[in-house]
Amino acid sequence: MFEFSELGTLIIGLIALLAGTRIRRMVPVLKRIDMPNAVIGAMIVALLVLLAQVIVGTEVAFGTKLRDLLLLVFFTTIGLSAKLKALRAGGRPLVILCAVTVLLLVCQNLVGIGVATAWGAHPFYGLLAGSLSFVGGPGTALAWAKEAEAVGLQNAPAVGAGAATLAVITGALVSGPITGWLIGRHKLSLAATPQTEVSFAEPQKAIPGAESGGSLESILVTILIIAVSVFLGGKLNSWAKDAGLLLPGFLSAMLAGVFLTNLVDWTGFRLDFEPIQKGGEVALNLFLVLSLMSTKLVAVAAILGPLFVNVVLQIIVIVAIAYFILFRLLGRDYEAAVTVGGFLGFGISSMPVAMATMDEVARRYGPAPKAFLLITLAGSFFVDLANALVAKAFLALPLFDMKVLGIVGH
């Protein structure tokens with residue numbers, strides 16, 4: 001057994017991340033499907049680890065403490081971006097989009113649980129192959145996989161990594177063509193759509209004396225805010241545990257971030273979100289690469305059959321919801337069609353895929369500012385929190401019987 005220290009693990013992770021970035025630039029198809037750099041680099045390391053295990057007979061283990069901290073930081077930055085005032089700017093169409101998104105989360109989890117049950121697996125694996133991978137993406141899937149592994153589901157990381165990777169690939173392949181088909185089939189055009197001027201929440205006062213952008217003071221303020229949110233999240237987790245409610249640490253950190261950012265927003269001051277977003281991006285990429293590096297590829301290969309069946313069923317479900325429910329409720333016009341494209345993007349794959357899909361459609365058919373606003377608000381401020389709460393609600397069902405896994409009392 002060869003075990004890397006935390007610093008050694010970080011060094012390998014950074015090298016893998018940089019290698020993944022370079023490879024993605026060199027291979028156009030990887031960029032076109034928006035495959036994350038961290039996934040590419042980490043899979044190379046996981047392959048090398050597999051070869052070391054098979055050829056040399058050496059087991060390789062990586063540090064986990066830094067990875068766990070990065071997970072908390074990432075979800076904290078998501079919470080810090082969830083401003084309720086911005087959500088109110090979307091009006092009735094945003095309420096519709098959020099409601100349909102919750103419906104999608106429930107349906108995706110039901111499909112995942114159905115596939116897992118059919119294969120004789122624990123239903124928690126179905127959650128990992130459901131909304132946690134498709135709407136949530138690799139970061140969310142691996143975060144919950146860590147919780148599942150802690151209570152006895154040893155194949156959880158492999159299921160989360162495999163399902164999320166398939167989601168990233170298929171989402172990029174289907175969202176654009178389906179949106180184009182929808183526009184063509186209904187003969188939609190920008191001229192036939194009533195144009196509504198939309199804007200985000202009104203600007204706020206900056207914190208007195210604080211600099212914006214990438215200044216040292218702004219970065220230090222960001223670190224302080226994130227640290228306070230993680231600290232408050234830990235306290236919230238302890239209080240919840242004392243009350244008999246078990247919350248994942250990353251969910252507590254995200255809720256603390258939501259509370260803190262809206263508290264600051266209520267005072268009328270403005271946080272500088274540029275370093276917060278950059279910090280979240282760095283934390284996510286490092287968390288992904290450090291987590292995926294230790295993925296057991298043999299375990300992923302063994303479950304490709306059910307994962308493939310799952311992804312086909314998930315695509316059918318989201319396309320049906322997008323076309324028969326969301327498109328009709330939003331008015332069946334051009335803006336509704338572009339919104340459907342974004343919905344398909346983040347509902348199957350990720351927000352980058354959603355934005356890339358809408359950007360491509362807008363270049364071909366014309367601008368859709370309302371659609372961009374709706375998807376940005378729902379995908380950035382609402383969906384991650386809703387996904388976590390829906391997953392937690394499923395875990396509370398008797399079907400999961402988490403006592404058998406020993407989760408109670410931990």
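The legends below accompany a set of close-up views of a predicted model.

**Figure 1. Overview of the chain in the predicted model.** The chain holds 18 helices and 4 strands, and of its 410 residues 52% are buried. Among the contacts in the chain with a separation of 6 or more, 81% are made by residues 24 or more positions apart. The chain exposes an area of about 18,700 Å², of which carbon and sulfur atoms supply 69%.

**Figure 2. The largest nonpolar core, seen around Trp144.** This core has 106 residues, and those that touch the most other members are Phe124, Leu128, Trp144 and Phe343. Helix α18, which runs over residues 369-395, contributes 14 residues, the largest share of this core. When residues up to four places away in sequence are not counted, Trp144 touches Phe124, Leu128 and Leu132, and also Pro248 and Phe250, while Ala388, Ala391, Lys392 and Leu395 complete its set of partners.

**Figure 3. Helix α6 and the glycine that follows this helix.** Helix α6 takes in the 28 residues from 91 to 118, which at 1.5 Å a residue should span 40 Å, and the distance of 41 Å between its end C-alpha atoms agrees with that expectation. Just after α6, Gly120 adopts a positive phi of about 75°. Two cysteines may be compared by their cover: Cys98 counts as buried because its relative accessibility is 10%, whereas Cys107 counts as partly exposed because its relative accessibility is 21% and the limit for a buried residue is under 20%. The number of disulfides comes to 0 when a pair of cysteine sulfur atoms has to lie within 2.5 Å.

**Figure 4. Val106 of helix α6 and its partners far along the chain.** Val106 is placed in helix α6, and with a relative accessibility of 30% this residue counts as partly exposed. The C-alpha atoms of Val106 and Asn387 are separated by 9.0 Å, although the two residues are 281 residues apart along the chain. Setting aside residues up to four places away in sequence, Val106 touches Val390 and Phe394.

**Figure 5. Ser131 and the polar contact of its side chain with Asn109.** Ser131 belongs to helix α8, which covers residues 131-134, and counts as buried because its relative accessibility is 0%. The side chain of Ser131 forms a polar contact with the side chain of Asn109 at 3.0 Å. Apart from its neighbours within four places in sequence, Ser131 is in contact with Leu105, Gln108 and Asn109, as well as with Gly136 and Asn387. Asn387 thus appears in this view as a contact of Ser131, and in the preceding view as the residue whose C-alpha atom is separated by 9.0 Å from that of Val106.

**Figure 6. The start of helix α16 and the loop that precedes this helix.** Arg332 is located in the loop between α15 (304-329) and α16, where this residue has a positive phi of about 55° although it is not a glycine. With a relative accessibility of 44%, Arg332 counts as partly exposed. At the start of α16, a side-chain oxygen of Asp333 comes to within 3.4 Å of the backbone nitrogen of Glu335. Helix α16 itself (residues 334-348) has 15 residues and should span 21 Å at 1.5 Å a residue, in agreement with the 21 Å between its end C-alpha atoms. This helix is mostly covered, with 15 of its 15 residues buried.

**Figure 7. Lys187 in the loop between α10 and β3.** The loop that holds Lys187 lies between helix α10 (156-185) and strand β3 (205-206). The phi of Lys187 is near 50°, which is a positive value in a residue other than glycine. Lys187 is exposed, because its relative accessible area is 73% and the limit for an exposed residue is over 50%.

**Figure 8. Asp359 of helix α17 and Phe372.** Asp359 lies in helix α17, which covers residues 351-365, and counts as partly exposed at a relative accessibility of 34%. From C-alpha to C-alpha, Asp359 and Phe372 are 8.8 Å apart in space, with their positions 13 residues apart in sequence when counted as a separation.

Definitions and conventions: Residues numbered from 1 in each chain as written. Predicted model: local features only at pLDDT ≥ 70, side-chain atom pairs only at ≥ 80, totals over all residues. Heavy atoms only, no water. Buried < 20%, exposed > 50% of the residue type's maximum accessible area, 1.4 Å probe, protein only. Helix = DSSP H or I, 4+ residues; strand = E, 2+ residues; numbered from the N terminus. Expected span 1.5 Å × (residues − 1). Polar contact = N/O pair within 3.5 Å; in protein donor to acceptor, adjacent residues only side chain to side chain. Contact = heavy atoms within 4.5 Å. Areas by Shrake-Rupley, 256 points an atom, 1.4 Å probe, with all protein chains shown as cover. Core = buried A, V, L, I, M, F, W, Y, C linked by side-chain atoms within 4.5 Å.
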